Amino acid sequence: MKDALPSLTEIPYSAYTEQETFDREMETLFQGPVWHFLGLASSIQKAGDFITNEIAGIPVVTVRSGVEYKAFVNRCVHRGSLLCLEQKGKIDQFSCVYHGWTYDLNGNLTGVAFERGIKGNGGMPKDFNKSDYTLRELKVEVFCGVIFGSFDKKIAPIESYAGLEITQGMSRVLPKTPILIGRTSQLIHSNWKVYVENNHDSYHASILHSFFTTFKLNRLTQAGGIVINEAGGSHISFSKRKQETDDHAYDSEKLRSNHEEFGLKDPGALAFIDEFDDQISLQILTLFPLIVFHQISNSLCIRQIIPRGVKQVEIVWWYYGFEDDTDTLRSARLMQINLVGPAGYISMEDGAVGEFVQRNAYYSEGASGIIKMGGDDYKSSPSRVTEAAIRGFWKQYHDHMRC
Ligand code: FES
Ligand SMILES: [Fe+2]
């Protein structure tokens, strides 16, 4: 029988500092029944096209084998060298630089240099059979032009894994095949879960981020809500741009982030073209455990979270648009990249607070953080003044880690 579910409202700081926990996450969670981001389907359109990426530090290569998408751990079966060294390219076969072993695009070992030795000397034993060796393959699914991979061959398809509302939220920001328009990467000195919690935390956004609040891009008084899936760990937080009537809620809280007196000379970063025709100008969507899809005005992005040990996490920001973007829309997307990423007007503060939390986690023996805003459940709600989505993340996290 499984142990009782740990508390969802009090998270011990040791969860962010223990090597043993991280080692179990690598084994049980990241290589378990969860989906990971591998890349955009538009990046590998022809047979032999490949892209490389990582899942929690494990190198992965995704390739078009005929019309199929295949993904493998980017590791030679011989001595474990990387197979594909480039970020992208085109190949007829995988060929290892170390001792020249080759594989077809389905991951089968096809060639061993000097397999029979030279003039009867050396070489592999007679009973060595190449067909016994294949690259470690991942299960792949392409959904809305995004390639997902999992180490678990029996994992549920994306639609049932995420649930109807989350997949609708993904389709909303991926109505056409996405194309890459930019990429940045950022190293944050915190445990990966601190960053994930930050993405599930609708409570902080308009308080921490001065840019959001001052320019009314996101305030808790705006129409919006939180949608959390049944498993708990995937969610959507959204809001509509319409100017709210109740500005006084912020005045009376005397928040650091609220500066009525400021304006921008160039309002380009604030522009909002209602491209999805629903007035929603902000949608943060998490797909458990390591993927975030964001729409901030017209900035569309897939944030790939790459845990790098107990106290470091890398975020790769895959900014995307669509082939038929108008010039105005494409320039809005490019301009609004300034809002996010490592030095983003909004996102830089998330990196900073993550490091503040991590710094204290090491000296908080036995103490826990409090996640009680909005109650103790992880239900969807029309209010974003809640930490329900963070509790939902922990619910699903514990379900996986207890397996
Ligand atoms: S490690 Fe790849 S051929 Fe030896
Ligand atoms: Fe934030």
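Which residue is the bridge partner of L285 in strand 16? It is F293. The views below come from a predicted model, where local features need pLDDT of at least 70, side-chain atom pairs count only at pLDDT 80 or more, and totals for chains, interfaces and linings use all residues. Residues are numbered from 1 along each chain as its sequence is written, with chains lettered from A and ligands numbered from 1 in the order written.

**View 1. Strands 15 and 16 pair antiparallel.** Strand 15 covers residues 280-287 and strand 16 covers 291-296. Six bridges join them. Strands are DSSP runs of E, at least two residues, and helices are runs of H or I, at least four, numbered from the N terminus. Two strands pair if DSSP finds at least two bridges between them.

**View 2. Seven strands form an open, antiparallel sheet.** The order is 12-18-17-16-15-14-13. Strand 12 (178-188) and strand 13 (224-228) are the edges, each pairing on one side only.

**View 3. V61 and its contacts.** Setting aside neighbours within four places in sequence, V61 is in contact (C-beta atoms, placed from the backbone, within 7 Å) with F50, T52, A71, F72, N74, L83 and C84.

**View 4. Domain 1 (36-141) touches domain 2 (164-401).** These bounds come from an automatic or database domain assignment. The domain centres, taken over C-alpha atoms, are 36 Å apart. Nine residues of domain 1 and 12 residues of domain 2 make the contact. Strand 2 (residues 36-40) gives three residues, the largest share of the domain 1 side.

How values were computed: Contact = placed C-beta atoms within 7 Å.
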